[in-house]
Amino acid sequence: MKAKFNIIQSTCIPIVIDNCNTDLIIPARYLASTTRDPKFFGDAFMHDLRYDADGKPVADFVLNRPDYSELPREGVHEIIVAGQNWGSGSSREHAAWAIAGYGVRVVVSSSFADIHKNNLYNCFVLPVVVSKAFQEELFASIAANPKMEVKVDLPNQTITNMATGHSESFDINGYKKYCLMNALDDIDFLLENKEKIEAYENK
């Protein structure tokens, strides 16, 4: 979803799974689909953990618990706080499509698989890398109060636990930051700079 990034302040979905791979994020059978309908992939997000073999919701999975089952919207569940090494496994971009299609704007973890991290950027989802200690603090704060909020300030590259007031800075490539803040994909960026590119070529 192309949407300009500035500051996201929202309640969070805690997915306390280390090494959560892309097959868990979206099962391989969805890769054959030719649609790019965001809802289709959003509905498939974490499907085999959310539902049993009969298609019934798994009651104790986080997305089905009352505190976290509400679909993301502005200020509500726009942020996932995830376990370490999020998005490992295959490089399928469908995993990022599923996260974006579900409505998530930010994924916070102490580490990401590199390809998945770049796929998230391309889907206008911001991956934020924090320290292990800050990650654990976020999990603890959410467990104590599921309505607590996290503030992600992209212009200043900070993330704040609003329950404790603690903040950390995060790194982001300058090009990716510019594109997120201006809702530009790679083609949009080239078109925005078309005159500069043509002037360079003419030289």
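The paragraphs below lead through a predicted model, beginning with a covered helix, passing to an arginine in the loop that follows this helix, and ending with a run of paired strands.

Helix H4, which spans residues 94-102, is mostly covered, since eight of its nine residues are buried. The buried residues are His94, Ala95, Ala96, Trp97, Ala98, Ile99, Ala100 and Tyr102. The elements that cover them include strand E1 (7-15) and strand E3, together with helices H1 (22-25), H2 (38-43), H3 (47-50) and H5 (114-122). Just after H4 the chain reaches Gly103, which takes a positive phi of about 115°.

The loop between H4 and strand E3 (106-109) also holds Arg105, a residue that is buried and yet has no salt bridge. How far away is the nearest side chain of opposite charge? That side chain belongs to Glu78 and is 4.1 Å away from Arg105; because a salt bridge is counted only within 4 Å, the pair does not qualify. Glu78 is nonetheless one of the residues that Arg105 touches, when residues up to four places away in sequence are not counted. The other contacts on this list are Met1, Ala3, Lys4, Phe5 and Ile8, and, further along the chain, Phe124, Val125 and Leu126.

The paired strands come later in the sequence. Strand E5 (residues 149-153) and strand E6 (residues 158-161) run antiparallel and are joined by four bridges, and within this pairing Val152 stands opposite Ile159 of E6. The two strands form a hairpin with four residues between them, and in its turn Gln157 has a positive phi of about 55°.

Asn156 also has its place in the loop between E5 and E6. Is Asn156 buried or exposed? Because its relative accessibility is 55%, Asn156 counts as exposed, the cut-off for that term being over 50%. The side chain of Asn156 makes a polar contact of 3.0 Å with the side chain of Asp153. As a guide to the placing of this loop, the C-alpha atom of Asn156 is separated by 29 Å from that of Cys20, a residue 136 places away along the chain.

E6 is in turn joined to strand E7 (residues 167-169) by three bridges, and these two strands also run antiparallel. Here Ile159, the residue that stands opposite Val152, stands opposite Glu168 in E7. E6 and E7 form a hairpin with five residues between them, and Gly165 in the turn has a positive phi of about 85°.

Technical notes: Residues are numbered from 1 along each chain as its sequence is written. This is a predicted model: local features need pLDDT of at least 70, side-chain atom pairs count only at pLDDT 80 or more; totals for chains, interfaces and linings use all residues. Side-chain values use heavy atoms; hydrogens and water are left out. Two strands pair if DSSP finds at least two bridges between them. Buried means under 20% relative accessible area, exposed over 50%, partly exposed in between (1.4 Å probe, protein chains only). Lys and Arg count as positive and Asp and Glu as negative; His and the chain ends are not counted. Contact means heavy atoms within 4.5 Å. A polar contact is a pair of N or O atoms within 3.5 Å; within protein, one must be able to donate a hydrogen and the other to accept it, and residues adjacent in sequence count only if both atoms are side-chain atoms.
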